[in-house]
Amino acid sequence: MKKFILLVLSVFAFLLVSCSFFQESNTSSTSTVSIVLPEKGRGVFTMDDVAYYNIVLCSEKDDVKEELEKFTGGTASFDNIESGKYRITVTAFSDSDIVVATGASELFVLEGGDEKQVVISLVSVKLLSEMSSAPDSGRYYVTSADDLRKISDWSNNDLATFENVTFILHDDISITDGNWTPIGPHQDPTSSDEAVKTLSTSTFAFAGTFDGNGHSLTLPAKKTEFNHYRYTQLMYYNNGTVKNLKMKATQSPYVLENNETECNYGSVCAYNNGKVLNCENYVSITGGYISSVDEGCGGIVSRNNLGAVVKNCANYADFSGNYTEHGWINSSGGYRVYGATGGIAGNNFGTIENCVNYGKIAISYTYDSSSVATIGAIVGTNREDSILKNCYWLKNCVNNPRSIDSSNNLMENEGVGSYCENFTNILGNGSFESSTITGGLSVYKRNDSTTFSTLPQTLAHGSNLVSALNGYVSEDGSSQLKSWKMVEGKAHLDF
């Protein structure tokens, strides 16, 4: 086997410097990985605010195999490493224990006789508090409520989209004073057309990366009064990536106002045009007339648009509300799609995969009519080109007193869309019982559609909830997806 030496050079102001593994003969059955880091101020190393490094050797699945903490420079070794696929991450800290640079190697193979080069580049990370205007590139730590408000101000007032910017939460953040406006304008401020201004627009949507880093945001839900009441916490419109985040609220359950008009809610965003990965929602919603044909009420997003992705997310919160008819039966006597409410999304036009819902979804009707709210454990409505795969929910978590008997039947007491225009891409979903949460999954088969029951609804990634979730993560192979673990009887992301 071989001995590997890693040279890591880091430079200031986002300059990337490549570093390599070098090999020398070793006849043992295991490998030694040696990490060589320059000491402060030595040679070309110019990042003077680095006090120490943390170095982690991870497996192909990002399991930590070995870790060196507070390494100050020179040479250190990971000894007796078995053959396999690995990557190394390096994090540089300042004297005040703030991360000032990060880097990771590509996946590499440790195997006798191979000659490999593995490249690591350290990229500096700055504090957002040091910025007086909106950045157009780089990585920034968000350390306070004021930092979070800066992002909102730059987005809503300066129309910054942050396309090449990554924001990383350094700590849990809570805004308790109500002084919060979600990121990404809810209207087009450049338009003179009031009809345009009252609708959400993607023109100035958030287009960067918001990495929660496993931390939580506790925010006041924000209402806007235009054509619809729109409640959201982090963003109105997302064109970028939001990941690794726990969403909480200063008031839970949050009470939607019932003003005989639509109430829409999404904890991460109202409209998702991008990606939402590894997010958890703990914000319960109650009251009000819930959702409209355009948006909806969802634990993660209100509406997941065509081409958008929600993946590896979980909802632990309950939703309950009133449904009023508003005369919304079309001229031919058919049904309109209203009251769209789901544990992950209200309306789904895009892709939702490997998500889980523990929340209870319930609708009450304020007076007799033939209208029916469309609710489901994962999504409220599943539209024409949408995809729903490998999602799981607490059995019988949906309580809708009414059902639809038509070509687009309500999926009664199940979770993959109470109104559905597309059955073809509903695959691999299932439910679990509260008494067997760590045990068996039951494959989902719609009980009122012989067409749907013939589709290949199989549990492709295992019959146990956590093993099924982790099986998907493993097969996906993306280093962005987090694994799952059981915490107090429920599956949670392993941040």
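H492 counts as buried, because its relative accessibility is 14% and the cut-off for buried is under 20%. The model is predicted. H492 is found in strand 46, which covers residues 490-493.

Two tyrosines meet this side chain. The side chains of H492 and Y316 are joined by a polar contact of 3.2 Å. Another polar contact, at 3.3 Å, links the side chain of H492 to the side chain of Y282. Both tyrosines also appear in the wider contact list of H492, which leaves aside neighbours within four places in sequence. The other residues on that list are E280, S483, W484, K485 and V487.

Now turn to the empty space. Rolling a probe the size of a water molecule over the atoms shows where such space is left. The largest pocket has a volume of about 2000 Å³. Its lining is made of 47 residues, and D62, T89, N213, S479 and K482 are the closest to its centre.

Which strand gives the most to the lining of the largest pocket? Strand 7 does, with five residues. Strand 7 spans 84-93. Other elements that each supply at least two lining residues include strand 4 (52-59), strand 5 (64-71) and strand 8 (99-104). Further along the chain, strand 12 (138-142), strand 13 (165-169) and strand 20 (241-249) also reach that mark. One helix is listed with them, helix 4 (465-476).

The lining is chemically mixed. It divides into 19 polar, 16 nonpolar and twelve charged residues. Among the residues closest to the pocket centre, D62 and K482 belong to the charged class.

Notes
Residues are numbered from 1 along each chain as its sequence is written. This is a predicted model: local features need pLDDT of at least 70, side-chain atom pairs count only at pLDDT 80 or more; totals for chains, interfaces and linings use all residues. Side-chain values use heavy atoms; hydrogens and water are left out. Helices (H or I, at least four residues) and strands (E, at least two) are DSSP runs, numbered from the N terminus. Buried means under 20% relative accessible area, exposed over 50%, partly exposed in between (1.4 Å probe, protein chains only). A polar contact is a pair of N or O atoms within 3.5 Å; within protein, one must be able to donate a hydrogen and the other to accept it, and residues adjacent in sequence count only if both atoms are side-chain atoms. Contact means heavy atoms within 4.5 Å. On a 1 Å grid over the protein atoms alone, a cavity is a set of points where a 1.4 Å probe fits but cannot get out, and a pocket is an open set with protein on both sides within 12 Å along at least five of seven lines; lining residues have an atom within 4 Å of a point. Grid points are joined across faces, edges and corners, and a volume is the space filled by probe spheres set on the points.
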